Number of protein chains: 2
Amino acid sequence: MTAQKMAVVNALRDAGRTHPTAETVYALAKRHLPTIALGTVYRNLSKMVESGEVVRILVPDGADRFDADISDHMHILCIGCGKIYDIEENNVKVEISNVPEDVQLIRFDVMAKCLCADCKQHGLNKK
Amino acid sequence: MTAQKMAVVNALRDAGRTHPTAETVYALAKRHLPTIALGTVYRNLSKMVESGEVVRILVPDGADRFDADISDHMHILCIGCGKIYDIEENNVKVEISNVPEDVQLIRFDVMAKCLCADCKQHGLNKK
DNA sequence: TCAAGAATAAGAATCGTTCCTAAAAATCAA
DNA sequence: TTGATTTTTAGGAACGATTCTTATTCTTGA
């Protein structure tokens with residue numbers, strides 16, 4: 001646990017449920033450790049994703065987002081404003097049948113798209 | 001329907017079920033129209049995605065893939081070799097419950113990850 | 001205490017993709 | 001048909017996100 005990794009961990013904590021991009025994590029981490037480099041943030045985030053401490057969320061036409069909440073849950077992306085919302089795992093059911101038996105399924109990523117309440121009311125916000 | 005779009009359409013037909021990247025479509029399109037430019041391929045693909053003639057498949061850590069088969073089906077990505085396999089729609093079931101009613105769900109993308117038969121037998125191939 | 005390995009800062013390089021510009025082609029109006 | 005307007009294109013520069021390189025700074029432990 002280096003000071004840099006600690007800064008990334010703290011940044012993710014500070015980000016709360018906002019599903020920040022690497023760039024945002026970098027900005028937050030700098031408050032804890034002003035000398036930290038963007039590359040270091042990317043490297044630590046990637047390692048943490050690999051080790052399962054953090055989840056990487058792929059976004060169409062945008063930078064990856066990161067989630068320190070590794071409890072089982074999935075995400076909905078608002079196509080209006082780009083915000084990502086959480087959905088508890090037990091509210092999502094995915095079933096795939098008739099998969100050839102020599103193919104080993106590893107896992108599913110479900111990304112739902114939505115218009116959030118704000119965007120429905122006030123029209124698409126940026127992005 | 002310009003000659004360039006025709007070349008892209010033919011390239012996609014040539015690609016069959018291989019879920020090609022834009023770069024691959026470009027290579028195939030060149031056989032039909034050697035002077036076509038990469039930017040033109042990207043532009044035509046994007047238009048066709050927008051108009052619903054073609055499906056864009058997002059891949060973690062890699063270039064987008066394109067699928068001229070717009071029948072309802074989903075995809076599994078082999079994390080060993082990067083190949084994408086089709087799953088018929090009626091073999092996939094996704095359900096999301098307890099979505100706040102002021103949030104309007106648009107659609108789901110399910111990307112499953114697997115180890116395909118080849119990679120299970122012969123170990124991870126590249127990528 | 002020193003050597004060997006791991007992690008870092010800084011910025012260059014890379015990759016996939018989009019944008020820009022000038023030229024060519026298609027469309028339309030009279 | 002002719003000219004004007006619009007659309008599309010080729011080619012390559014530019015871009016954003018991410019990874020890589022290099023030289024330097026920590027760790028670690030014999």
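**Exercises on DNA strand C and the contact of chains A and B**

Of the 18 residues around DNA strand C, those that come nearest are A:Gln4, A:Gly39, A:Thr40, B:Gly39 and B:Asp64; a residue is near a strand if its C-beta atom, placed from the backbone, lies within 6 Å of it. This is a predicted model, in which local features need pLDDT of at least 70, side-chain atom pairs count only at pLDDT 80 or more, and totals for chains, interfaces and linings use all residues. Residues are numbered from 1 along each chain as its sequence is written, while chains are lettered from A and ligands numbered from 1 in the order in which they are written.

**Exercise 1.** State which elements each supply at least two residues of the surface near DNA strand C.

*Solution.* Helices (H or I, at least four residues) and strands (E, at least two) are DSSP runs, numbered from the N terminus. Chain A supplies such residues from α1 (3–15) and α3 (38–51), and chain B from α3 (38–51).

**Exercise 2.** Determine how β6 of chain A and β6 of chain B pair.

*Solution.* Two strands pair if DSSP finds at least two bridges between them. Here β6 (residues 104–115) of each chain takes part, in the antiparallel sense, over 11 bridges. Within this pairing, A:Gln104 has B:Leu115 as its bridge partner.

**Exercise 3.** Describe the part of chain B in its contact with chain A.

*Solution.* Each chain gives 29 residues to the contact, which requires C-beta atoms, placed from the backbone, to lie within 7 Å. On the side of chain B, β6(B) gives the most, with 12 residues.

Key
Contact = placed C-beta atoms within 7 Å.
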